[in-house]
Amino acid sequence: MEILAAAAVILAAGCTVAAWIFYRQKKNMYQALSRMMDDLLEDRVVTLTDLKEGEVSALAGKAKRLSEKLQSEIGQATQEKEQVKSLISNMSHQLKTPLTNIMMYEEILSSDGAAGTKLSKEDQKKFLAKMRAQSEKVDWILNSLFKMVRLEQNVIVFEAGPNLIRKTILDAVNLIYEKAQRKQIEIETEYFPDCSLFHNPRWTTEVFANLLENAVKYTPEGGKITIGMQRFEMYTEIRIRDTGIGIEQKEQTEIFKRFYRSRGVENQEGSGIGLYLSKLILEKEKGYMNVASRKGMGSCFSVFLQNSQE
Amino acid sequence: MKVLEVMNVDKTYGSRENKVHALKDVSFNVELGEFSAIVGASGSGKSTLLNLIGGLDIPTKGKIVIRDHDIAKLTRKELTIFRRRNIGFVFQNYSLMPVLNVYDNTALPVTFDQGKYVDHAYIKELLKELGLWEKRRSYPSELSGGQQQRVALARALANKPALILADEPTGNLDSRTTIEVMGLLKASCKKYNQTILMVTHNEAIAQTCDRIIRIEDGRLYDGEREFYAKGGEVR
């Protein structure tokens, strides 16, 4: 009986000690974590090491990443502010020329008959047509700028899903067909089975229209544009090949950057937005594009879109 | 926000007559979420650079700082843990565990770090994203080269590392599968806001990156050419 009682006492004591140790450990861990949380809350660098084995250290690693994420978001916000600044200066530059032109035409038209000069009906019509073309240009620039800014800042979230690709490309071709005909550029399509790709038809039409428009713009009269496709396991490649002026090797990475214009075509119409906008759109669809080109031989832009998974 | 800072790094191998100056005064930074390519001919020092950044080797001079840790100052044990938590590797030869299936290969770095508490939902999402979910029970030997490299990519992403180092990830692949792996690298870089540093000698592949760092004879020469906003006149 006495032995039993003694055993019980020893057991109880053992339990108490174990409980106490356990309690201490828990308290230590709690304190370490609590200090870490304080660091996070006060925007301090997390002092707990993330270079040891064990749960607390693994958590410290995650806490550090958390604070980095916050920091990077703050950094991004500042960067966006800078971007907006440079954008505004750029926008004013882009809009200046067409606006100057409009003002000039307006002046000519309103001075009609003033200083003894008389514009014929035909001339009047000509200037009005020119004015309209310029206004359309302004409209186009503003539209693409808005789209670009909103895509960049993730304001537009468009739904991409499995959609048939042929119609998307056809829509794009229709948009530029007239321009191509005017320059007597032939548009040829290689074997093109319709298939379902992960994309948003409306936005992707814009990508292809941009690429085709460039192709028409930089291909001399009587040239040829070929549209081809190739299926891979996860991606499908859509190629747009032209027989145009081509792009120099060292410029092939640059052309996808915002507002970049190749030195050789500075005098041609263009804003340096199209390719950048296309790249942004494709990135939102988990796709990408690249270019292969040789100066004077033509360019081939490839768009890669993911195959839809059943 | 800088993830990686390389400051005036020199690396020499051997001594006296056999001395090889692999890197000379290399400095650059990598920002969070950037997808950069290091381009150079073979022997230009690009792999040496990647080894230094990965903590596989120590610079002779200069500093490499990843997420505020000077990696030359870490002990071996610390370096192992640091690498596991912060760096994901993708190698040319995939380096998968032949005895583990796709799922286990992917979850491996997480298992090392956190025992059996694996974020199953995340791994599933990753594998679906990379088109490997149907193949999750297959073994590496049953997969094509491109599929194996996709598994390696999933594994590199599994631990949500601060930095992914890819050494010629498409070096062993034909042009068809290269397209696949590059597309997925790019898509996951965007989706998970991952920072990726990729070594390649292929200009066409580097083209899809945000930034190109060129290296020649152990020296960096600036990939970011001045680019001018002066648009063509709109007429």
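These are my notebook entries on a predicted model, taken up topic by topic.

**Entry 1: the annotated span of chain A**

I began with the record, where an unreviewed UniProt entry carries the annotation "coiled-coil region" for residues 23–87 of chain A. I then looked up the geometry of residues 23–87 of chain A and noted that the end C-alpha atoms lie 59 Å apart, with 80% of the span in helix and 0% in strand.

**Entry 2: domains of chain A**

I next looked up how chain A is divided, and wrote down domain 1 (2–73), domain 2 (90–152) and domain 3 (161–306). For domain 2 and domain 3 of chain A, I found their C-alpha centres 29 Å apart, and I found nine residues of domain 2 in contact with seven residues of domain 3. On the domain 2 side of this contact, I noted that α2 (55–110) and α3 (121–152) of chain A each supply at least two residues. I recorded α3(A) as the element giving the most to that side, with seven residues. By class, I entered the residues of the domain 2 side as four nonpolar, three polar and two charged.

**Entry 3: strand β5 of chain A**

Within chain A I then turned to strand β5 (residues 235–242), which I noted as mostly covered, since six of its eight residues are buried. I looked up its pairing with strand β4 (residues 224–231) of chain A and found the antiparallel sense, over seven bridges. The link between β4(A) and β5(A) is a hairpin, which joins them through three residues, and I marked R231(A) as standing opposite T236(A) in β5(A). I also followed β5(A) to strand β7 (residues 298–306) of chain A, where I found seven bridges and an antiparallel run. As an example from that pairing, I wrote down F301(A) in β7(A) as the bridge partner of I240(A).

**Entry 4: where chain B meets chain A**

Last, I looked up the contact between the chains and found 30 residues of chain B in contact with 43 residues of chain A. On the chain B side, the elements that I listed as giving two or more residues are α2 (76–86), α3 (102–114) and α6 (175–191) of chain B. Of the elements of chain B, I noted that α6(B) gives the most to the side that touches chain A, with seven residues. I closed the entry with the classes on the chain B side, which are twelve nonpolar, eight polar and ten charged residues.

Terms used: Residues numbered from 1 in each chain as written. Chains lettered and ligands numbered in written order. Predicted model: local features only at pLDDT ≥ 70, side-chain atom pairs only at ≥ 80, totals over all residues. UniProt positions renumbered as here; feature names shortened; annotations may be inferred. Helix = DSSP H or I, 4+ residues; strand = E, 2+ residues; numbered from the N terminus. Contact = placed C-beta atoms within 7 Å. Nonpolar A, V, L, I, M, F, W, Y, C, P; charged D, E, K, R; others polar. Domains from an automatic or database assignment. Buried ≥ 20, exposed ≤ 12 C-beta atoms within 10 Å, placed from the backbone. Pairing = 2+ DSSP bridges.
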